[in-house]
Amino acid sequence: MADYGSESERMEALYKEIFTEAAQAIRNEIDKFKPEHNCKFCTIPCDIQKPDIFSVFPPGCPYGAWQIKALSYLTNEYRAKLRVTKKAIMEKKKEYSCTKCGNCCKLAVSGFNPTQLKQRALRGDKYAREFSSIYVPYESEEMAEAICPEFYNKLKDLMDEGERLYFYYCSKLGADNLCSDYENRPDICKDFPLTALKVLPDTCGYMPWHDAVERQAMSVKAREDLIAFYKDKIG
Ligand code: SF4
Ligand code: SF4
């Protein structure tokens, strides 16, 4: 059985490495927009010692345009490039297929309990609506563990400290391990796994895809998170 304690450490270390690379790459992009300007000759009243992308520049300061241009580039052209990469990742998924292990039907997790899921569904959350339409909660975590021990332990070991997860199963899975309502299964089943960073059971036919694109998918996520951070700070 795989050692998911070290798997969780591996993923954390990998994401940290990728995030550091992404932070430098984004910073390089931002610096390309930095204007050639010498504050020594500026007459605008200002007490900024070392202009940075996060500085609060006074009106009329040439660095104000730096912030606007850099942010516009990141949130438009750069994001568009990330979308292309994401599309390529999902295209690659087509090289793999479901091997009908049934584990994603036997065990699904959500950070929301059934009531919260229904509330979210009522507010128009399609994922919550579909999830609630097929998955029912396990009566206890022990039952979830007994049905799918490896996947349960993998999920538990990859959870953040203090994180609360709810465990569900689909009542439409037949005794033959196949979906009893295959033609009417919702999109969350048809499109499973929805992202390359989804935690999958080791038995899943999409595991090799996950392994092949994990680094790329983490890189996209890190860059998206960083753009959101810059947008929040200077937008
Ligand atoms: S609806 Fe079918 S495919 Fe979807 S989780 Fe249930 S059994 Fe699996
Ligand atoms: S876990 Fe993967 S291989 Fe197993 S039934 Fe779900 S999609 Fe298919």
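**Figure 1. Contact of helix α4 with helix α5 in the predicted model.** On the α4 side the contact residues are L117, K118, R120 and A121, and they meet A128, R129, F131 and S132 of α5. Sorted by class, the residues of this contact comprise four nonpolar, one polar and three charged. Helix α4 covers residues 114-122 and helix α5 covers residues 126-134; their axes come within 7 Å and cross at roughly 130 degrees. Because of this angle, α4 is oblique to α5. The handedness of the crossing of α4 and α5 is left-handed.

**Figure 2. Contact of helix α2 with helix α9.** Helix α2 (residues 63-93) and helix α9 (residues 207-234) have axes that come within 10 Å and cross at roughly 160 degrees. The cut-off for the antiparallel class is an angle over 145 degrees, so α2 is roughly antiparallel to α9. The crossing in which α2 passes α9 is left-handed. From α2, the residues in the contact are Q67, L71, L74, T75, Y78, R79, L82, T85, K86, I89, K92 and K93. Their partners in α9 are W209, A212, V213, Q216, A217, V220, R223, E224, I227, Y230, K231 and I234. The contact of α2 with α9 divides into 13 nonpolar, four polar and seven charged residues.

**Figure 3. Surroundings of ligand 1.** The residues around ligand 1 are C105, I134, C170, K172, L173, C179, D181, R185 and C189. I134 also falls within the residue range of helix α5, 126-134. The shell of ligand 1 is made up of six nonpolar and three charged residues, with no polar ones.

**Figure 4. Surroundings of ligand 2.** There are 13 residues around ligand 2, and those that come nearest are C98, C101, C104, C204 and G205. By class, the shell of ligand 2 holds seven nonpolar, five polar and one charged residues.

**Figure 5. Backbone at K100 and at the bond between F192 and P193.** K100 is placed in the loop between α2 and α3, the latter spanning 103-106. The phi angle of K100 is positive, near 60 degrees, and K100 is not a glycine. The peptide bond joining F192 and P193 is cis, with omega at about -10 degrees. P193 belongs to the loop that runs between α8 (187-190) and α9. Both features are worth marking because most residues other than glycine have a negative phi, and most peptide bonds are trans.

**Figure 6. Domain assignment of the protein.** Domain 1 is given as three segments, 1-33, 60-98 and 203-235, while domain 2 is given as 103-191. Taken over C-alpha atoms, the centres of domain 1 and domain 2 are separated by 27 Å.

Note on methods
Residues numbered from 1 in each chain as written. Chains lettered and ligands numbered in written order. Predicted model: local features only at pLDDT ≥ 70, side-chain atom pairs only at ≥ 80, totals over all residues. Near = placed C-beta within 6 Å. Nonpolar A, V, L, I, M, F, W, Y, C, P; charged D, E, K, R; others polar. Domains from an automatic or database assignment. Axes fitted to C-alpha atoms, helices over the stretch in contact; angles between N-to-C directions. Helix = DSSP H or I, 4+ residues; strand = E, 2+ residues; numbered from the N terminus. Parallel < 35°, antiparallel > 145°, perpendicular 65-115°, else oblique. Left-handed = near helix turned anticlockwise from the far one by under 90°. Contact = placed C-beta atoms within 7 Å.
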